[in-house]
Every structure is written in C-alpha cells, then in structure tokens.
Amino acid sequence: MRLRSRPADLATTVGSVSLKNPVMTASGTCGLGVELDAYMPLRELGAVVVKSLAAFEWAGNPQPRLHPTASGMLNAVGLQGPGVEQWIAHDLPQLREVGATVVCSIWGFGVQDYIDAAQMLASVKDQIAALEINLSCPNLKAAVVGENKPHAMFAHDAGLAAQIVDVARVSGLPLWAKLSPNTDRIGEVAEACIDAGAQALTLVNTSLGMIIDTTTGRPALGNGGGGLSGRAVHPIAVRAVSDISSRLPGVPIVGVGGVTNGLEALEMMMAGASAVQVGTASFAEPRAAHRIAGELCKWAERHKISSWSEVIGLSHRGGFRDSGK
Ligand SMILES: Cc1cc2nc3c(=O)[nH]c(=O)nc-3n(C[C@H](O)[C@H](O)[C@H](O)COP(=O)(O)O)c2cc1C
C-alpha cells in the first residue's frame, strides 16, 4: 500500500521539525539503518528513529535479552550498538539514499558520553532531522555520574536530565528528550528538560518489569529485570502524554508505547501528542509503522480532518462534542 497524499496535509510538526505524517519507528525496535526498507518504504514514514547510539561501541547485556509477556514483551538488550562513528559511516548514508527522514538517538553512562556523541553528530547535522536523547533506558545497571556517583536513570532526576539536554545542544540539532514512565516526577523532569533546551518530549520508554522462570527459579532475562513494552503499556503511555500535555501546554510531545493500530495512534494524539512512534508492534509485523500511518490517515480522511491540530490534544478540549466529526 502506498500512503496517499490526501487529506490535503498529512504532515505534522514536532517543534521545528516537519514530518510527512505523524508515524515514526521507535528507537531500538527497527534497527540502525535500512533493515526495514525491504518491508515498507522508509521514506513514507514520518521518520525513522534509530537505535540509541553511544559515543563508543557497546556489547549490551548478557543473553537472554527478550521474553514475551501476556500482552507485550520484556527486554533487557542493554543498548548494544556499534557507536556513533560507525553508524555515521555505514548506516546514515543508506538511510539518506532511501530518502528516510532520520532521527538519531543517543545514550551514555555519564554527561561526558552524551557530549561526545552529540559532538560527533554535529558533523552530520544537515542529514538528521532531530536528536532524541535517551535519558530513560531501564537496562543499564548503574550510570556513573560526576564524581563517580552512581545513578540508575537520568530521567528520574530533573537536574541531571536538564544537564544532559543542555550539553547535547552542542549537536546543533533539535532535541527531543525521551523520558521514563517509572517515576512520579515525570512532570518535573519534563519541565526541566524543556527549560534546558529540549524542543520536544518523547513519552515514554519501557516500564520496569521482571519475569521469573519457574523451572529454574531465576529471572528469565540475563540482566535480571527488563523493560516492558507493547500493548500492556499503552494506557501508561497515553496517561503520561495526557498529564504532560496538561502541565506543559504547547510543548510538542511524541507519544510512544503499545501503539498497534491507527486508533491507538489517534488516542495518543488526542491525549496531546503531535506524532507517535511504533516499537514492539514491528517485531510481529515489520511493516506495522507504515500500516498504522495508513490507518491514521484514512481515519483523518473519513472524518474530514484538514489539519492534525484538530486532533492533537482534543481530549483536553472536551472532545468532538457536536462538531459532526
Ligand atoms: C527490544 C527493545 C529495544 C529498545 N531499545 C531502545 C533504545 O535503544 N532506545 C530507546 O530510547 N528506547 C528503546 N526501546 C524503547 C522503545 O523505543 C519504546 O519507547 C518502548 O518500547 C514503548 O513502545 P512500544 O510499546 O511501541 O514498543 C526499546 C524497546 C524494545 C522493545
């Protein structure tokens, strides 16, 4: 299926970034480059968000790293990757060649790692639409911050999250801060990230979880715990989008968590997201993001939506009421 160019404007914006349509892939679930172009034309997606990269090559966590759950999956991949330099040399050119809009994601153990990764990306900033800063991976045992002070997750600390956003400005790219659902301080952290220079917030990363293998009596994943994703977390993500949209009106939000069809994408937008990302659904169906973009756009056509602004944050404005949509 090709995505049609009607309704008139399927495009959306996330801060200063224009996207062809509101559906992107989610970091870590669709590879580093053009792996999924064989299944769907990546150029037709809003954007391809690549797996979080560090300034260095990283092996990730011990196996096993993935386990299915009743309505999703648990992962503890632990950010395995080739590092920014390799990605710039091998994957970015291929993504450019297929015409994809590219959002790069970075991670690190400490502030200096984020500075290094952001600096490396500054050299290719004309080829990247935005930089998503992963502040919220649940699968790193202990990041080491400042004077060797261990810290589990940057997105659970407003000061640290802001510090990392601030240093990432060296990339010269629009910054999206990706936050964690595993804290009651998400509002405070979101505000700090915006004050520090983030243009948008990506909500949310995985929820902390664990599976015990009852035959061994031990955790099923090599890392012990992991991050829960997929349908099970969809309402958690919608809630985070809605809460932050109320708290920070006008701040662009990218919604991610359990989006499996066009209506679930729409739900995110009605909660306040300007765009959505599709992650776990892609494992069962590699072209899920493209299908979901098609479903979302068809819905908009059927409901005579001429601009996504009619939909974004609708739940905060009393819904459709008697508009006839
Ligand atoms: C196997 C796997 C790897 C992931 N790796 C990353 C990553 O590298 N960086 C990141 O920001 N999020 C990562 N995530 C989180 C997803 O981008 C997304 O926030 C989360 O899975 C919720 O969306 P979903 O339910 O559509 O998968 C990963 C998720 C999964 C399942």
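How far from an oxygen atom of the ligand does a backbone N or O atom of Ser 27 lie? Let's look at this predicted model view by view.

**View 1. Backbone atoms meet the ligand's oxygen atoms.** To settle our opening question, a backbone N or O atom of Ser 27 lies 2.7 Å from an oxygen atom of the ligand. Gly 230 brings a polar backbone atom to 2.7 Å from a ligand oxygen atom. For Val 204, a polar backbone atom is 3.0 Å from an oxygen atom of the ligand. On its own the ligand has 600 Å² of accessible area, and the protein covers 97% of it.

**View 2. Here is the shell of residues around the ligand.** Look for 23 residues surrounding the ligand. Ser 27, Ser 52, Gly 230, Gly 258 and Thr 280 are the closest. Sorted by kind, the shell holds 14 polar, 7 nonpolar and 2 charged residues. The space that the ligand takes is the largest pocket.

**View 3. Eight strands form an open sheet.** Try tracing the strands in the order 3-18-17-12-11-8-7-4; their pairing is parallel. Strand 3 (23–25) and strand 4 (48–49) stand at the edges with a single partner strand each, so one side of each has no neighbour in the sheet. Strands of a sheet pair through backbone hydrogen bonds.

**View 4. Strand 8 pairs with strand 11.** Residues 130–134 make up strand 8, and residues 175–179 make up strand 11. These two strands pair in the parallel sense over 4 bridges. Which residue of strand 11 is the bridge partner of Ile 133? The partner to find is Ala 177.

Notes
Residues numbered from 1 in each chain as written. Predicted model: local features only at pLDDT ≥ 70, side-chain atom pairs only at ≥ 80, totals over all residues. Heavy atoms only, no water. Near = heavy atom within 4 Å. Polar contact = N/O pair within 3.5 Å; in protein donor to acceptor, adjacent residues only side chain to side chain. Areas by Shrake-Rupley, 256 points an atom, 1.4 Å probe, with all protein chains shown as cover. 1 Å grid on protein atoms, 1.4 Å probe; cavity = no way out; pocket = protein on both sides within 12 Å on 5 of 7 lines; lining within 4 Å. Sits in = over half its atoms within 2 Å of the grid points. Nonpolar A, V, L, I, M, F, W, Y, C, P; charged D, E, K, R; others polar. Pairing = 2+ DSSP bridges.
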